[in-house]
Structures are given as C-alpha cells and as structure tokens.
Amino acid sequence: MSRRHAAAASLALFDGAALATVAPRYMAGVDEAGRGPLAGPVAVAAVVFCPNRPRLNGLDDSKQLTAARRDQLFDRILDRALAFHVVMVEVGEIDALNIYQATMLGMRRAVEGVAHVAQFARIDGNVVPKGLPCPAQALVGGDGLDRAIMAASILAKVSRDRFMLSLHEQHPEYGFDQHKGYGTPAHLAALRSHGPCPQHRRSFAPVRACFDDAVAVVG
C-alpha cells in the first residue's frame, strides 16, 4: 500500500461525531522525533498555521531535509506559525511509562500547548492519543502529506538534535553529536566501554544489558 493510500485509509481514525459539530479552520499538525534512540528525550511538536497567510514554501518530512535546511525552516516556522508548542518527554518518564506511552503523553501536552487556537488536530501515525483537548485525526504518513505536520516534524527534529548537541558537550565520550542517541555501532561500543550516562534509557534493551552485565560482574 502506498503512503497516500495508507493515509486515505486512516481517515476513519478520528472522532467523527465531534468533527460534525465543528468546521475546523485552525488545525494543529503534530509529530514526534526520537522514539527509537537509546538516549535523550522524545520530542513532540504541534504547529498551527493561519489559513489567511501565504503558504510557507519548502516544507517536507524532516527526514527528507538536510540539517541545514531544517535549521532554516525552523526559524521560518516559528515566525509564520499562528501557534506552536514543543515538548520534551524526559528519559525518566520514558523509562517509567515505556516509549509508546511517553510519546502519547508528549502529543497530548503538545496539543494542549496550542489548544487556545487549535480546533482540530492531525496526528502523524495511526493512533489518536487519549485525552486531547480537541477532536483529532490520525494520518498515516502525515509528515509527507500535511503541511502543519511537516512543520511539526521539523520543530521536533531540530529541537531534539540541538538537545543532543548540548548533551554531547557534557558527555563527549558517547558521540551524541554524530548519532543523536541512536543505536549505531559506534554508540553501542561507547556504551559498552563507558556504561550508561543519566540520559540513557534504562528501559531499552541495549542499555539494560549494560546494567545486567555490571550486576553479573559484581555478583
């Protein structure tokens, strides 16, 4: 199934009764960055554009853009958006809740941050988080289809990458500036050599294995 067909098939994933009572003019696009890494927060962003303003050119799924282009668009999105909100769900919450629930929590917080404007939310993916302050729709492949979701993906990605660059300054031995916390061979080797730092996700298997190995050595 193509991304566009998958997106069309996902249109049923919304609160139809609520939508029928509202003509949504101000829609929030919501996306995340950093579900897969072994370290650092998961970032979630929500963006609302004003329909009366000219379109912002150059938007795309953040994964399809260079880092330099994302940085350029980041500032333009902040300037052009009617409302935006970026949330960092920290490692402690990820380990306590699991990464899926932590991401859902971040999405709810991001939408709450633009709820004074947003009448409706489009969520990249196939699940609508519970407890949102407005009706919402899950849109599979939305980061390549919906402009507000594209903008949210850029804000989330750039915000998280900048966090990981600052984390690299505190813990240069892990190479966070290169892999941003993902489980690359270099990161896994550093993890084995140095053990986890406070920003490593203990609930993720490669990190947990380091603790198990340490316990085995002590025992």
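Buried residues account for 47% of the 219 residues in the protein chain. The model is predicted. The protein chain holds nine helices and five strands. From the N terminus on, their order is α-α-β-β-α-β-α-α-β-β-α-α-α-α. Long-range contacts are counted between residues at least 6 apart in sequence, and 66% of these join residues at least 24 apart.

## Around Cys197

Cys197 sits in the loop between α8 (185-194) and α9 (205-218). Is Cys197 buried or exposed? Cys197 counts as buried because its relative accessibility is 3%, and the cut-off for buried is under 20%.

Which residues does Cys197 touch, leaving aside those up to four places away in sequence? They are His171, Tyr174, Phe176 and Arg202. Gln170 is 27 residues from Cys197 in sequence, and their C-alpha atoms are 10.0 Å apart in space.

His171 belongs to the loop between α6 (147-170) and α7 (176-179). Its contacts, again without residues up to four places away in sequence, are Phe176, Cys197 and Pro198. Phe176 and Cys197 therefore touch each other and are both touched by His171.Two other partners of Cys197 are aromatic. A search of the whole structure finds one aromatic pair. Tyr174 and Phe176 form that pair, and the two rings are stacked. Their centres are 5.4 Å apart, with 25 degrees between the planes. The angle counts as stacked because the cut-off is under 30 degrees.

How buried is this group? The table gives the values.

| Residue | Relative accessibility | Class |
|---|---|---|
| Cys197 | 3% | buried |
| His171 | 18% | buried |
| Tyr174 | 4% | buried |
| Phe176 | 0% | buried |

## Lys180, a buried lysine

Lys180 is found in the loop between α7 and α8. Its relative accessible area is 16%, so Lys180 is buried. Where is the nearest side chain of opposite charge? It belongs to Asp161, 5.1 Å away, and Lys180 has no salt bridge. The reason is the distance: a salt bridge needs a side-chain nitrogen within 4 Å of a carboxyl oxygen.

Lys180 does have a polar partner in the backbone. The backbone oxygen of Asp177 lies 2.8 Å from a polar atom of the Lys180 side chain. Beyond residues up to four places away in sequence, Lys180 touches Pro37, Ala39, Arg160, Asp161, Met164 and Leu165.

The backbone of Lys180 also stands out. Most residues other than glycine have a negative phi. Phi of Lys180 is near 55 degrees, a positive value.

Asn98 has a positive phi too, of about 95 degrees, and is not a glycine. Asn98 lies in the loop between α4 (91-97) and α5 (99-112). With 38% relative accessibility, Asn98 counts as partly exposed.

## Salt bridges

How many salt bridges does a search of the whole structure find? There are seven.

Asp161 takes part in a salt bridge with Arg70, at 3.8 Å from N to O. This pair links distant parts of the chain: Asp161 is in helix α6, Arg70 is in helix α3 (residues 67-80), and they are 91 residues apart. Both Asp161 and Arg70 are buried. For Asp161, the relative accessibility is 12%.

Asp161 also meets Lys157 in a salt bridge, at 3.3 Å from N to O. Why are Asp161 and Lys157 separated by about one helical turn? Because they are four residues apart in helix α6.

Asp61 and Lys63 make another salt bridge, at 3.2 Å from N to O. Its two ends differ in exposure. Asp61 counts as buried, at 2% relative accessibility. Lys63 is exposed, with a relative accessible area of 60%. Asp61 and Lys63 are linked with Asp143 in a network of salt bridges.

## A charge over a ring

One further contact involves a charged side chain and an aromatic ring. Arg162 lies over the face of Phe74, at 4.5 Å from the ring centre.

Technical notes. Residues numbered from 1 in each chain as written. Predicted model: local features only at pLDDT ≥ 70, side-chain atom pairs only at ≥ 80, totals over all residues. Heavy atoms only, no water. Helix = DSSP H or I, 4+ residues; strand = E, 2+ residues; numbered from the N terminus. Buried < 20%, exposed > 50% of the residue type's maximum accessible area, 1.4 Å probe, protein only. Contact = heavy atoms within 4.5 Å. Phe/Tyr/Trp six-rings, centres within 6.5 Å; stacked < 30°, edge-to-face > 60°. Lys NZ or Arg CZ within 6 Å of the ring centre and 35° of its normal. Lys, Arg positive; Asp, Glu negative; His and termini not counted. Polar contact = N/O pair within 3.5 Å; in protein donor to acceptor, adjacent residues only side chain to side chain.
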